[in-house]
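Student: I'd like a close look at a single part of this protein, please. Pick one strand arrangement and walk me through it slowly, then show me a few residues elsewhere that deserve a glance.

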Amino acid sequence: MIVALSAGVVLTAGITAFICLKIPARNKASKTVESAKTVESAAEDKVQESLSTAKDMPAAYNDRELVLAELEQNPTVIIPIGSSNSSYTQDEVQNINVYSACNEAVVNINTKVMAYDWFLDPYVQDGGSGSGSIIDKRGYILTNVHVIQGATKIYVSLFDGSQYEAEVVGQDLDSDLAVIKFTPPENLVLKTISFGDSNNLRVGQKVIAIGNPFGMERTMTTGIVSGLGRPIQNSNKRIIRNMIQTDTAINPGNSGGPLLDTNGRMIGINTMIMSNSGSSAGVGFAVPSETAVRVVSDLIKYGKVLRGTIDASIIQLNKRIAQYADLDISSGILVSKVTKGGNAEKAGLKGGTEAAYYGNRSSIIYLGGDIITQIDDISVASLADYYSALESKKPGDVVEITVHRNKKDIVLKMTLAD
């Protein structure tokens, strides 16, 4: 069986049994279900504005240029090897130039995690390892959430072997992206990797990965873009849409490292592989830079990503619930309750009226409400689909919600809440 792996974690789908039992109408619900630019040809003289002024900047959630302006980066300057040297092919020269320009901006990340012995006494042990890209000269590093998840200590190792302790600035499960930061010495000028434009990628385009597979620091592999727009479910049961598929060799330890174009710009963040052996099988996936730019901006400003949401209590519909409630569909998102006075209620979304126990009598849901089956042009059959459909939305966005009500489909226009 082929499974997806991220930093050595097998991605499998869990199966949960649900029990619905009718309860008296007087019971109340106990819980709400939650469910750059182009490559610069010469160095820039002016240092970009500090992140400390970011809060004063106008809101521009999807403004790529504003996001990049918040980062203090070195311009990506690739110095070509002398053409008189005939010992290298053109392709080799390209590879050498990219590695020379970018390898010092790739770090090795190691973590410590808390564990417990047989007597339940806590102790610290080695956790996972992965890669990261320095995106700001003040020590901001972009990596994957699963690289640092559960860590009590995070250490980053630079190209010269020096090691520093880092702290988490923010992390986002929906995109599996995290920003961490360490404080470099005053006399150390960090090299950075600039963001490229993943929107202009084409299948067949050459790409380059730099990372730390199996702990071997700053290893470079090359390949091509094998596919675009792949929806892949990660280890946190979130579907990440528009993933870049590549045949570039990616192994455990590469997670969080950059996927680069031939100009040394980061067009993706290597996140997972699909393999039946746990090693690279030529099917790797990277989060596109388009997503990373948006996520990084919010993580640095707010410590989290600000996304729009539907202000309602929802539950995953399944066959047992559908059978109990005598529904004609068995997939989608069941609306249990709608927040009074909220945007969802104003848009006409309906919650349930018949109380029932959900799961092992641990909570109560309400049956008879709308079933969300589509958000804009994205079909919603599961909670993973639901969160994925809202991943790129911000508060105030207007979306079209298709709901199944009384065996008919109805389209509602809704403004997303905070």
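Tutor: Let's start from one pair of residues: Asn108 stands opposite Ser157 in β7. Keep in mind that this is a predicted model, and that every value below is computed from it. Asn108 falls within strand β4, which covers residues 106-116, while β7 covers residues 151-157. The two strands run antiparallel and are joined by six bridges. A second pair to find between them is Val113, which stands opposite Ala151 in β7. As background, strands of a sheet pair through backbone hydrogen bonds, either parallel or antiparallel.

Now, where does this pairing belong? β4 and β7 are two of six strands that close into a barrel, in the order β4-β5-β6-β9-β8-β7, with antiparallel pairing. Neighbouring strands of this sheet are turned by 40 degrees against each other on average, if direction is ignored. The pairing of β4 with β7 links the two ends of that written order, and we can follow the barrel from there in either direction.

Take the β4 side to begin with. β4 pairs with β5 in the antiparallel sense over 10 bridges. A good place to put your finger is Met114, which stands opposite Val124 in β5. The two strands form a hairpin with five residues between them. In that turn, Leu120 has a positive phi of about 65 degrees.

From β5 we step on to β6. These strands also pair in the antiparallel sense, here over three bridges. Ser133 stands opposite Leu142 in β6. β5 and β6 make a hairpin as well, with three residues between the strands, and Gly139 takes a positive phi near 105 degrees there.

Go back to β7 and leave it by the other side. Four bridges join β7 to β8, and the two run antiparallel. Ile154 stands opposite Ala166 in β8. β7 and β8 form a hairpin with five residues between them, and Gly161 in the turn has a positive phi of about 90 degrees.

There is a helix to add to this picture. Helix α4 (residues 289-302) lies across β5 (122-136), β6 (140-144), β8 (163-172) and β9 (177-181). The helix runs at about 45 degrees to β9.

With the barrel in view, let's step back to the whole protein. The protein has seven helices and 23 strands. Of its 418 residues, 49% are buried. The accessible surface comes to about 20,100 Å², with 49% of it belonging to carbon and sulfur atoms.

Now for the residues elsewhere, beginning with Gln316 in strand β16 (residues 312-316). Its relative accessible area is 17%, so Gln316 counts as buried. What does its side chain reach? The side chain of Gln316 comes to 3.1 Å from the backbone oxygen of Ala381, and one of its polar atoms lies 3.5 Å from the backbone oxygen of Gly332. Leaving aside residues up to four places away in sequence, Gln316 touches Ile321, Gly332, Ile333, Ala381, Ser382 and Leu383.

Two aromatic residues come next. A search of the whole structure finds two aromatic pairs. One of them is Tyr386 with Tyr387, an edge-to-face pair with 5.4 Å from centre to centre and 75 degrees between the planes. Tyr386 is buried at 3% relative accessible area, and Tyr387, at 14% relative accessibility, counts as buried too.

Finally, look at two backbone angles. Asn242, which lies in strand β12 (residues 239-246), has a positive phi of about 60 degrees although it is not a glycine. Asn242 is partly exposed, with a relative accessible area of 47%. Lys407 also has a positive phi without being a glycine, near 65 degrees. You will find Lys407 in the loop between β22 (398-405) and β23 (408-415), where its relative accessible area of 62% makes it exposed.

Key
Residues numbered from 1 in each chain as written. Predicted model: local features only at pLDDT ≥ 70, side-chain atom pairs only at ≥ 80, totals over all residues. Heavy atoms only, no water. Buried < 20%, exposed > 50% of the residue type's maximum accessible area, 1.4 Å probe, protein only. Areas by Shrake-Rupley, 256 points an atom, 1.4 Å probe, with all protein chains shown as cover. Pairing = 2+ DSSP bridges. Axes fitted to C-alpha atoms, helices over the stretch in contact; angles between N-to-C directions. Contact = heavy atoms within 4.5 Å. Polar contact = N/O pair within 3.5 Å; in protein donor to acceptor, adjacent residues only side chain to side chain. Phe/Tyr/Trp six-rings, centres within 6.5 Å; stacked < 30°, edge-to-face > 60°.
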